[in-house]
Protein chains: 2
Amino acid sequence: MKIRSALATILAFGLLTAVVSAPATAQEKFTLRLAETWGPNFPIFGDATKNMAAMAEEMSNGRLKIRIDSANKHKAPLGVFDMVKAGQYDIGHSASYYWKGKVPNTLFFTSMPFGMTADEQYAWFYHGDGMELMQEVYEPHNMLSFPGGNTGVQMGGWFRKEINSLEDLEGVKMRIPGFAGEVFSEVGVSPTNIAPGELYTALERGTIDAVEWVGPALDLRLGFQQIADYYYTGWHEPATELQFLVNQKTWDKLPADLQAILRTAMKTAAYDMMIHSVHENSKAWASIREEHPNVQIKNFPEDVLTAVAEANDKLLAEAAEEDAQAKRIIESQAKYLKNARNYTDISLRAYLNTMAELNE
Amino acid sequence: MKIRSALATILAFGLLTAVVSAPATAQEKFTLRLAETWGPNFPIFGDATKNMAAMAEEMSNGRLKIRIDSANKHKAPLGVFDMVKAGQYDIGHSASYYWKGKVPNTLFFTSMPFGMTADEQYAWFYHGDGMELMQEVYEPHNMLSFPGGNTGVQMGGWFRKEINSLEDLEGVKMRIPGFAGEVFSEVGVSPTNIAPGELYTALERGTIDAVEWVGPALDLRLGFQQIADYYYTGWHEPATELQFLVNQKTWDKLPADLQAILRTAMKTAAYDMMIHSVHENSKAWASIREEHPNVQIKNFPEDVLTAVAEANDKLLAEAAEEDAQAKRIIESQAKYLKNARNYTDISLRAYLNTMAELNE
């Protein structure tokens, strides 16, 4: 049966509506363009977008295709917010705190120093006020924002010299960006920003004394374990959540089933990345332990942590005083964290400590 | 355009194939029947099946409907395995360790004493050998098995008298089922099994001395906090994962897009339940703290934990000796746990302890 005329096509769609349940419009195909902050084949983060796109395509039987442009293609790793807002891209994959220079309250939806763990933060997003507050921040920019994958607790960074007291931090030049950098600068650290590709050399040559990156899996690739012996545990980004941004017009033109597919694909890809991070970090840490016995795990000393926590409280109090929306977000997070952590302490923390003591 | 004859329908499907991408068969509708072990409106666990069914229906635009029968309907809470195997139901929602009397190696896919946390276990399922080993166990029974939702670390139970040493456990009558009950019985506890509805009265009247149930959210409903002062932290089920079972024939008759939708809906509902558990347990624990200041959190003393860990090792060694498949599963879990926990210790555990010390 060869039917090629336009009339026949119209007829066919008419019949389609008559005999099958799904309306003809639901069969429309969409190819959405996604811009990610990361370079091509960036591990874990880049796997999250590929995973999301594959789920969306498979579940929609090819009706929803997502074409991913990495940073080498669009050349604007930190332009994702603007490009999705303008509709130049339909979807973005990035991190909310990158936009704090543009829209200050985007800061709060990635991870905050001394804040919630990944489980607690997902609970705040999905059962507390998190999603609603985040949408309130992004709505004026015609975008929807969704969790986009969690790194877990980020490590506190690589130091070439051991930090034994607050004094030892004075004047330390450290790559630690964003809000955590501001907090650290309050206690004497000089935060610097250096492109990832130059970090190893900068640390080796003493241009910087320390570097905070992500965790074992991503740190291992940059080679810090070869030139720094002290690997500090984290306080500054306990649950770094990436972000999917969706242009509102793109969202509105999708039929309800494809909206549901896209929403679920993004949600699942985010959770999957959290689990993928556990896997890759476990593997990488085992390899560092095996091949670089020079590396020692250290907690920052108590006076450092106390000073940093006070600096963090001070900066948050200032932010809350300056802006009513910031105040509501900070208070919502603090309240949620309090109850959630009381429970985490008697369940997960107690269990992990029990096991650690047994294995001593 | 009204076309009602059989011929017209055939023609229409012919045209449909010609002009739209989805094959006509992909538009077939399916209503699958799901049997869950839980009663109607059972919190958290029952929410997971409703969440899964809603996602599947929405993403498939109504082509995949899932009708949920709770235990009041099918009357066989522990018959879910048999009913799904026989095709009496298409899908089951239960817990793998309930089938250990029937198929001993199903034991390993829920949670093991001193085993992996939820994150670590999901990583083992999705990036280690977990899914493959689980499927190997279920395949002879013509079923697929998928993670179905995590409770997080279960609490060690409610005791009316404080346990200060191993001696205090001697002869203690405790509701603690399954493998953990076997382990506890090795160190002197008398495990008993009592229907949930009778637990409160049994504990109140001294028919039993202690009761292990789940965690704050589900325990609170049964009222133990009114009659027991000592709430012990967990060791026996660090990451209880529920289970979706799918009849193989049902799975095979679904087109690829609906298989993808069902698989993703189950996966997402499982993750969602883990996060929902955090939320509900946090809320319930806040309420117990507020309204029942009599309740004290206790860790089991060191001699108890050491004895219980040794009993656990002994039982696992026996299981491994008796059965080659059990041996492979036990070894896979132990190996995965070792690396994953080394990483959890320097990331999540270190962070939680840092925060706890700061707040002291």
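1. Start with a term. A helix axis here is a line fitted to C-alpha atoms over the stretch in contact, and the angle between two axes is taken between their N-to-C directions. Keep in mind that this is a predicted model.

2. Now apply that term. Helix H11 of chain A and helix H11 of chain B each cover residues 256-291. Their axes lie 10 Å apart and pack at an angle of about 55°. Angles under 35 degrees count as roughly parallel and 65 to 115 as roughly perpendicular. H11(A) and H11(B) are therefore oblique to each other. Their crossing is left-handed.

3. Which residues make the contact between these helices? On H11(A) they are Thr264(A), Lys267(A), Thr268(A) and Tyr271(A). On H11(B) they are Thr264(B), Lys267(B), Thr268(B) and Tyr271(B). Sorted by class, the contact of H11(A) with H11(B) has four polar, two nonpolar and two charged residues.

4. Step back to the whole interface. Chain A brings 77 residues into contact with 76 residues of chain B. Several helices of chain A each supply at least two residues to this side, among them H1 (6-19), H2 (45-59), H11 and H13 (324-358). The side of chain A that touches chain B has 41 nonpolar, 26 polar and 10 charged residues.

5. Look next at chain A as a whole. Chain A has 13 helices and 11 strands. Its C-alpha trace spans about 80 × 45 × 45 Å along the principal axes. Of its 360 residues, 50% are buried. Take the contacts in chain A with a separation of 6 or more: 77% of them join residues 24 or more positions apart.

6. Turn to a strand in chain B. Strand E1(B) covers residues 30-36. Five of its seven residues are buried, so E1(B) is mostly covered. Strand E2(B), residues 64-69, runs parallel to E1(B), and six bridges join the two. One pairing to find is Leu32(B), whose bridge partner in E2(B) is Ile66(B).

7. Finish with one residue. Tyr122(B) sits in helix H5 (residues 118-127) of chain B. Is Tyr122(B) buried or exposed? Tyr122(B) has 28 other C-beta atoms within 10 Å. The cut-off for buried is 20 or more, so Tyr122(B) is buried. Leaving out residues up to four places away in sequence, Tyr122(B) touches Pro147(B) and, in chain A, Ile275(A). Ala239(B) is 117 residues from Tyr122(B) along the chain, and their C-alpha atoms are separated by 9.5 Å.

Methods. Residues numbered from 1 in each chain as written. Chains lettered and ligands numbered in written order. Predicted model: local features only at pLDDT ≥ 70, side-chain atom pairs only at ≥ 80, totals over all residues. Axes fitted to C-alpha atoms, helices over the stretch in contact; angles between N-to-C directions. Helix = DSSP H or I, 4+ residues; strand = E, 2+ residues; numbered from the N terminus. Parallel < 35°, antiparallel > 145°, perpendicular 65-115°, else oblique. Left-handed = near helix turned anticlockwise from the far one by under 90°. Contact = placed C-beta atoms within 7 Å. Nonpolar A, V, L, I, M, F, W, Y, C, P; charged D, E, K, R; others polar. Buried ≥ 20, exposed ≤ 12 C-beta atoms within 10 Å, placed from the backbone. Pairing = 2+ DSSP bridges.
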